[in-house]
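Good morning, everyone, and thank you for making time for this. Please bring up the sequence and the coordinates, and I will talk through them in order.

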Amino acid sequence: MANFSDRLRAARTAANFTQEQLGFAVGVSKQAVSDWENERQHPSWPLLAPLSKELGVSLDHLIAGAPLSRRVQEEAAAYGEPLPPDLRRLLEVGRRLTPRKRKALLTLLGK
């Protein structure tokens with residue numbers, strides 16, 4: 001059974017983040033992310049929500065190993081398994097955008 005550090009590393013890798021990029025995104029050093037992934041330290045409670053958001057996984061999944069959301073699994077099945085990490089990340093990030101930001105992004109992309 002995977003523990004927090006394994007789930008964190010898997011989510012970071014799936015989201016195509018380096019340890020340095022993830023650390024920058026949540027306001028910590030590369031070393032802090034490395035410490036978390038190697039079970040030397042654990043992130044503080046206030047960092048869990050930003051980690052979850054940046055990685056595109058639920059807190060339940062990150063902390064307790066809950067399965068990925070049914071919606072992500074259904075979208076992956078519609079695309080064809082396995083859903084590439086970059087597309088999974090786009091789905092998770094896109095889902096959190098406000099309608100206005102989503103429209104702006106689609107305009108930027110020429111859709």
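**The core and two buried polar residues**

I should like to begin with the largest nonpolar core, which has 16 residues, and within which Leu8, Leu22, Trp36, Leu51, Leu55 and Leu62 touch the most other members. At least two residues of this core come from each of helix H1 (4-14), H2, helix H3 (30-37) and helix H4 (45-55), and the largest share, four residues, is supplied by H4. Please keep in mind throughout that this is a predicted model.

Leucine 51 gives a view of that core from one of its members: once residues up to four places away in sequence are set aside, leucine 51 touches Leu8, Leu22, Val26, Trp36, Pro43 and Leu62.

Stepping back to the whole protein chain, the secondary structure comes to eight helices and zero strands, so that, by the run-based assignment, the pattern read along the sequence is α-α-α-α-α-α-α-α. Of the 111 residues in the protein chain, 32% are buried, and the chain exposes about 7400 Å², with carbon and sulfur atoms supplying 59% of that area. As for the range of the contacts, if we take those between residues at least 6 apart in sequence, 50% join residues at least 24 apart.

Let me now turn to the polar side chains, starting with glutamine 19, which is found in helix H2, residues 19-26. Is glutamine 19 buried or exposed? Its relative accessibility is 15%, and because the cut-off for buried is under 20%, glutamine 19 counts as buried. Which side chain, then, does glutamine 19 join through a polar contact? The partner is glutamate 37, and the polar contact between the two side chains is 2.8 Å. Leaving out residues up to four places away in sequence, glutamine 19 touches Arg12, Lys30, Val33, Ser34 and Glu37, so that, with contact taken as heavy atoms within 4.5 Å, glutamate 37 appears in this list too.

The second case is aspartate 35, which is found in helix H3. With a relative accessible area of 16%, aspartate 35 is buried, because that value falls under 20%. The side chain of aspartate 35 makes a polar contact of 2.8 Å with the side chain of arginine 40, and, apart from its neighbours within four places in sequence, aspartate 35 is in contact with Arg40 and Gln41.

To close, the two polar side chains I have discussed, glutamine 19 and aspartate 35, are both buried, and their polar partners are glutamate 37 and arginine 40 respectively.

Definitions and conventions:
Residues are numbered from 1 along each chain as its sequence is written. This is a predicted model: local features need pLDDT of at least 70, side-chain atom pairs count only at pLDDT 80 or more; totals for chains, interfaces and linings use all residues. Side-chain values use heavy atoms; hydrogens and water are left out. Buried means under 20% relative accessible area, exposed over 50%, partly exposed in between (1.4 Å probe, protein chains only). A polar contact is a pair of N or O atoms within 3.5 Å; within protein, one must be able to donate a hydrogen and the other to accept it, and residues adjacent in sequence count only if both atoms are side-chain atoms. Accessible areas come from the Shrake-Rupley method with a 1.4 Å probe; for residues, only the protein chains shown count as cover. A nonpolar core is a set of buried Ala, Val, Leu, Ile, Met, Phe, Trp, Tyr and Cys residues joined through side-chain atoms within 4.5 Å.
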